[in-house]
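User: I have this model open at my bench and would like to understand the reasoning behind a few of its labels. Could you walk me through them?

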Amino acid sequence: MTVATQAAYVASSPIPAIPPPSAHAGVIGWLRANLFSSPFNVALTIVCALLILWIVPSLLRFLLIDAVWTGADRQACLATPEHPEVGACWAFVRDRINFFVYGFYPIDQRWRVDVFFAALAFGVGWLTWLDAPRRDICLIYFFAVLPIVSFLLLHGTPGGGLPLVETAKWGGVLVTVVVAAVGIVVSLPLGVLLALGRRSEMPAVRLFSVIFIEFVRGVPLITVLFMASVMLPLFLPDTWSPDKLLRALVGVALFSAAYMAEVVRAGLQAIPRGQHEAAMAVGLSYWKAMYLIILPQALKITIPNIVNSAVGLFKDTTLVFIVGIFDLLKTVEAARGDPQWATPVTSTTGYAFVAIFYFLSCYAMSRYARYVEARLAQGDRR
Amino acid sequence: MNQVTSFLRPAPLNTDVAVEMIGVNKWYGDFHVLRDINLKVMGGERIVICGPSGSGKSTLIRCINRLEEHQRGRILVDGVELLDDVKKIEEIRRDVGMVFQQFNLFPHLTVLENLTLAPIWVRHLPRREAEEIARHYLQRVKIPEQAEKFPGQLSGGQQQRVAIARALCMNPKIMLFDEPTSALDPEMVKEVLDAMNELANDGMTMLVVSHEMGFARQVANRIVFMDEGQIIEANTPEAFFASPQHERTKLFLSQILH
């Protein structure tokens, strides 16, 4: 007030900081601002609170409180006068966990699957750690070494050594992970090539890319899988019938490549024209310019979207059970019918287990995408 | 280390004529952007090209390293004709450095990596030598201490000086500048012009699209004035500023010189 009323003003003493009025701070202030700011908001808050009260306690009771954790067979999970309420039968999952993870993979060979999981986890960790050393070697490891080694490891080495384990015996988490990993490992490079093809100046290359991408994106994955598993053998000579899992893998990989291509294309389009021109002006060839200048920038900003595609692909892998492949869902499906564990809660428990597995995996992936996004937003405008 | 020292001077031309454009025409769709351009740039010459926006001056110098394709006429760069042969074009681009209005540094690489990338991948120099050359040119443009930073951490003037150094690291015979100071804050223009000045003193053949008339007066051997896709007038700076011949030139000069 003094400032406005006097022509000249000099501050005489500092004004001390005081806490804000209670309506705008603390728990009450927050509640008021965020949950009860208007009649509509109050109504929403009440509805949501009721929903949570209705769902969460019964879910917790089923999954945890009333759940049966130990037991050798169905007797443990049946309702008795002492235990009128029976929740999830985790004893069933514990008893069958090896089947869910390895399928029919021979018991004495299951260490090979464990080694595969470890090698894959190592590769994923290296690849997703943005500040990791030698990420160029990591790319070679992940996209070249790992697929070949994994195939030999899981399927067996031809000249003796590891005995052959045909893919019909693979199952459970192993198949789910293999399908998802092959889908991602194949679809990313293929998608990059298709995206470059779609932006190419050569009409034939561009036309092929457009037709492939649009055709594959225009049909459902189930159709692609049916075509791969039922129609493909019709076109091939009888003597050369590819493996059932391999056919599904090809279908999944081509399908996700088309989606990956569009994701990568969006990233390529975000790179300014000046970057291409600067690369050309110093005499870089097309492929060197792409490899050194354009793709590193385009892929980096596309990581969140690539991960989102991977999440989608990971969940889509459950569809392979339609063509008779034993993925995780299918193994649970098979185990729940086992009379040894036939109880009213067996199926629900099995499905809950699958749901939790998928949720944890996908949630981890989308958290990673969020983290990369946040890092790109703050850091990379350097 | 012989290779390194040869990289620290402008590369010698094979012929006397650095750039020759003979009857060059270009269209963007129906728009006739370059009309019968005839221009001969001798080795060591410094040409400043000016003119109103849309007059085709950027297009002209971008034709010299084939960032734009001309449709009629001939362009010879150090005696080699620009044709559709991709290998030939890449060879010419190696010897012709370019500096852009928007700098176009590679944002994912450090300053040093920006400078060494092309020498390593195109000239196939060992990394050590490429870095030695890069540090020399960073010194020349007076920002040796910024080598490990990323382009986004530098000011506009510093970025443009890095861009000049990046072009020089390829040991070019000819340098093209496409409005190098137009995107800069006023107080940063001088540091970039100083770097270009020094390059001119080394005897580099330069084609500069610019509105910096002070620079043109001081450094250019010839000024080329363009309007509506054609060369209206070309002359020495003294004659160009003192007695412009064409009406369009007089009008242009009256508008930019106050």
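User: Which residues of H7(B) are called buried, and what makes them so?

Analyst: Happy to help! This is a predicted model, and in H7(B) the buried residues are Val189(B), Val192(B), Leu193(B), Ala195(B), Met196(B), Asn197(B), Leu199(B) and Ala200(B). The label asks for under 20% relative accessible area, so each of these residues falls below that limit.

User: What do the buried residues of H7(B) pack against?

Analyst: Their partners in chain B are strands S3 (46-50), S7 (174-178) and S8 (205-209), together with helices H5 (127-140), H6 (156-168) and H8 (213-219).

User: How do you know that the span of H7(B) agrees with that of a helix?

Analyst: Helix H7 of chain B has 13 residues, 189-201, and at 1.5 Å a residue it should span 18 Å. Its end C-alpha atoms are 19 Å apart, so the two values agree. Just after H7(B), Gly203(B) takes a positive phi of about 90°.

User: Why is the pair Arg62(B) and Glu277(A) called a salt bridge?

Analyst: The rule wants a side-chain nitrogen of Lys or Arg within 4 Å of a carboxyl oxygen of Asp or Glu. Here the N to O distance is 2.6 Å, so the pair of Arg62(B) and Glu277(A) qualifies. Across the interface of chain A and chain B the rule finds 1 salt bridge. On the chain A side, helix H11 (273-281) and helix H12 (286-316) each supply at least two residues that touch chain B.

User: How much area do chain A and chain B bury between them?

Analyst: About 1,900 Å², with 65% of it on carbon and sulfur atoms. The contact takes 20 residues from chain A and 24 residues from chain B.

User: And within chain A, what makes Glu333(A) and Arg336(A) a salt bridge?

Analyst: The same kind of check applies: their closest N and O atoms are 3.3 Å apart, and the cut-off is 4 Å, so the pair passes. Chain A is divided into domain 1 (62-105 + 335-382) and domain 2 (108-334), and the count between these domains is 2 salt bridges.

User: How much area is buried between domain 1 and domain 2 of chain A, and which residues supply it?

Analyst: The buried area is about 3,100 Å², of which carbon and sulfur atoms give 68%. Tyr102(A), Tyr105(A) and Tyr358(A) supply 27% of the area that domain 1 of chain A buries against domain 2 of chain A, more than any other three residues.

Terms used: Residues are numbered from 1 along each chain as its sequence is written. Chains are lettered from A and ligands numbered from 1 in the order in which they are written. This is a predicted model: local features need pLDDT of at least 70, side-chain atom pairs count only at pLDDT 80 or more; totals for chains, interfaces and linings use all residues. Side-chain values use heavy atoms; hydrogens and water are left out. Helices (H or I, at least four residues) and strands (E, at least two) are DSSP runs, numbered from the N terminus. The expected span of a helix is 1.5 Å times one less than its number of residues. Buried means under 20% relative accessible area, exposed over 50%, partly exposed in between (1.4 Å probe, protein chains only). Contact means heavy atoms within 4.5 Å. Domain bounds come from an automatic or database domain assignment. Buried area is the accessible area (1.4 Å probe) that two parts lose on being put together, summed over both.
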